[in-house]
Amino acid sequence: MKLQRKNRLRALSLGAIAVSGALALTACGSDDNGSNDAGGKSTASANASSVKCDNAKGQLLADGSSAQKNAIDAWVKTFSQACGVQINYKGGGSGAGVTAFTQGQVAFAGSDSALKPEEVAASKKVCSGGQGIDLPMVGGPIALGYNVPGVDNLVLDAPTLAKIFDSKITKWNDPAIAKLNKGVKLPDLKIQAFHRSDESGTTDNFTKYLIATTPDNWKYSGGKAWQAKGGQSAPQSAGVAQQVKQTSGAIGYFELSYVKDGIKAVSIDTGASKPVAPSTESATADIAAAKVVGTGKDLTLQLDYKTKAEGAYPITLVTYEIVCDKGNKADTLPATKAFLRYIASEDGQKVLSGIDYAPVPDAIIAKVRTTIEGLS
C-alpha cells in the first residue's frame, strides 16, 4: 500500500511558475543563486523542441519569491533556448514581487502568499479593466535546515519550533528537544535561529503553520514580515541557508532545494505514527488535500497545516504567479502566455522532478492551464 501511495503521489501533475516585466530592473540582480544546474541542463535540450513559442519575443523580467528561484532557473534554460526570449527573475522575495506588480513594473510576480484584498485593489490600477489573480504553479516543503555538529537526525514539533524561534529555547540540549530525540547525544550548544530580513511568503507560510498548530506558543499575527523578537536575519532563502551552513548551532527555514552542502533537515512530529521528513512526496501528500478558495479566475489554495496524515509534511507552501486576468501589456503578453503555458505543461512539469519541488495536483493545474489561455 505504501508503494502504491508513493507512486500515486509521484503521478500527480507538476505545476510551475513564471514571470515577466520591464528589463530596466535587470541591473538589480539577486544574490539568491541557488540554481540546480543538473536539473535544468538534463531537461533543457530534451524539452526545448516541444515548447510552443507562438509570437513570443523580447525580454521579460520578474521579481518575487526566492523559494521558487531554483525552479525558474531550470525553466528559463529550456524556454529561452527554444524561443530566444530573455527572462530575468530577480527573486527578491514575495513582498518585493507584489510591490513591483502593483506598481506596474512587472507583468508577473512570484509570491508564496496570495494577494490580500488591498493588494487586489491596488492591482486594478495596472490591470486595465481587470485585476491581479493568483495562479498556483508549484508547491514545496518549507524545510527547517540545521547545522548541529554530531546530530544527523533531528526531530522537532510545533511547540518546540515556536519556542526556538521565539527565543524561549536557547540550547540544543534543552529537555524539550531531548524528549523528542531519545538516544541522540545533543550538544550543550547555543541555538542560532535565523529568519528572513525581507518580506517573505516563506515567512508567512511558516508562521501560519505555527499559528495553526501551537497558538499558545506563537502569539504573533503572522504575515510576510518577521514579528518575533530575537534571533538573527538574512535576506532571501539563499541568504538564510548560507548563514545556517556557516554557523555552528544554526537553524533556519527555506525551500527544500537549499538543503545541501552540510545542511540537514528537521523531521516534524505531527502526531502521526512517525516523524515526517520534508520531501517532494511528503509535501504533495499535504498539498493534495488543499482546497481552492479563490473566486472567479483566482485560484488561491487553502493548505492544511494541522494534518496528522501518515507521510504528510505539514509545513508547505504553494508559489503563485500573480498576473492580470485582463489588461496585460500588449508587448509582453505573447511571451508571458507562452512561458506560463510551457511551465504548466507536462514537459514543463517534468523539469521539477529532480530539484525538490512538489507538484500541484492535477485537478488544480488543469484549471491553471485553462486560465492562462484566457489571459488578455
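The following dialogue takes a predicted model and discusses its disulfides, strands and helices.

Colleague: Before any detail, how many helices and strands does the protein chain have?

Modeller: The protein chain has 13 helices and 13 strands. Its accessible surface comes to about 15,100 Å², and carbon and sulfur atoms account for 50% of that. Of the 376 residues, 57% are buried.

Colleague: What share of the contacts with a separation of 6 or more comes from residues 24 or more positions apart?

Modeller: The share is 79% in the protein chain. One pair illustrates long separation in sequence: Trp75 and Gly348 are 273 residues apart along the chain, and their C-alpha atoms are separated by 7.0 Å. Trp75 is found in helix 3 and has a relative accessibility of 0%, so this residue counts as buried.

Colleague: How should I read the disulfides, and how many does the structure hold?

Modeller: One begins with the sulfur atoms, since a disulfide is a pair of cysteine sulfur atoms within 2.5 Å. The structure holds 2 disulfides. With the bonded cysteines numbered in sequence order, the pairing is 1-2, 3-4.

Colleague: Where in the chain are the two ends of the disulfide between Cys53 and Cys83?

Modeller: Cys53 and Cys83 are joined with an S to S distance of 2.0 Å. This pair links distant parts of the chain, 30 residues apart: Cys53 is in the loop between helix 2 (37-48) and strand 1 (59-64), and Cys83 is in helix 3 (residues 69-83). The sign of the torsion about the S-S bond gives the handedness; here the torsion is about -90°, so the disulfide of Cys53 and Cys83 is left-handed. Are its ends buried or exposed? The cut-off for buried is under 20% relative accessible area. Cys53, at 19%, therefore counts as buried, and Cys83, with 15%, is buried as well.

Colleague: What is the corresponding description of Cys127 and Cys324?

Modeller: Their sulfur atoms lie 2.0 Å apart and form a disulfide. Cys127 lies in the loop between helix 5 (117-123) and strand 4 (132-147), whereas Cys324 belongs to strand 13 (residues 316-324), so the pair ties together parts that are 197 residues apart in sequence. The torsion about this S-S bond is about -70°, so the disulfide of Cys127 and Cys324 is left-handed. Both Cys127 and Cys324 are buried.

Colleague: Cys324 leads to strand 13. Which residues of strand 13 are on each side?

Modeller: The general idea is that side chains in a regular strand alternate between the two faces of the sheet. In strand 13, Thr316, Val318, Tyr320, Ile322 and Cys324 are on one side, and Leu317, Thr319, Glu321 and Val323 are on the other. Both faces are covered, and 9 of the 9 residues of strand 13 are buried.

Colleague: How many bridges join strand 13 to strand 3 and to strand 4?

Modeller: Strand 3 (residues 109-111) is joined to strand 13 by 3 bridges, and the two run antiparallel. Within strand 13, Tyr320 stands opposite Ser111. Strand 4 also pairs with strand 13 in the antiparallel sense, over 9 bridges; here Thr319 is the bridge partner of Val138.

Colleague: In which sense does strand 8 run relative to strand 4 and to strand 6, parallel or antiparallel?

Modeller: Strand 4 and strand 8 run antiparallel and are joined by 6 bridges, with Ala143 opposite Phe254 of strand 8. Strand 6 (residues 192-196) and strand 8 run parallel, joined by 3 bridges, with Gln192 opposite Ala250 of strand 8. In strand 8 (residues 250-255), 6 of the 6 residues are buried, so this strand is largely enclosed by the rest of the structure.

Colleague: Turning to helices, which residues of helix 13 are buried?

Modeller: One asks whether the buried residues of a helix share a side. In helix 13, Ile364, Ile365, Val368, Thr371 and Ile372 are buried. They cover an arc of only 115° around the axis, which puts them on the same side of helix 13. The face turned away from that buried side carries the exposed residues Ala363 and Thr370. Among the elements covering the buried residues of helix 13 are strand 4, helix 11 (333-343) and helix 12 (346-350). Helix 13 (residues 362-373) has 12 residues and reaches 17 Å from its first C-alpha to its last, close to the 16 Å expected.

Colleague: How many residues of helix 10 are buried?

Modeller: In helix 10 (residues 280-287), 8 of the 8 residues are buried, so this helix is largely enclosed by the rest of the structure. Its buried residues include Glu281 and Asp286.

Conventions. Residues are numbered from 1 along each chain as its sequence is written. This is a predicted model: local features need pLDDT of at least 70, side-chain atom pairs count only at pLDDT 80 or more; totals for chains, interfaces and linings use all residues. Side-chain values use heavy atoms; hydrogens and water are left out. Helices (H or I, at least four residues) and strands (E, at least two) are DSSP runs, numbered from the N terminus. Buried means under 20% relative accessible area, exposed over 50%, partly exposed in between (1.4 Å probe, protein chains only). Two strands pair if DSSP finds at least two bridges between them. Contact means heavy atoms within 4.5 Å. Accessible areas come from the Shrake-Rupley method with a 1.4 Å probe; for residues, only the protein chains shown count as cover. The expected span of a helix is 1.5 Å times one less than its number of residues. The arc is that of the directions from the helix axis to the C-beta atoms.
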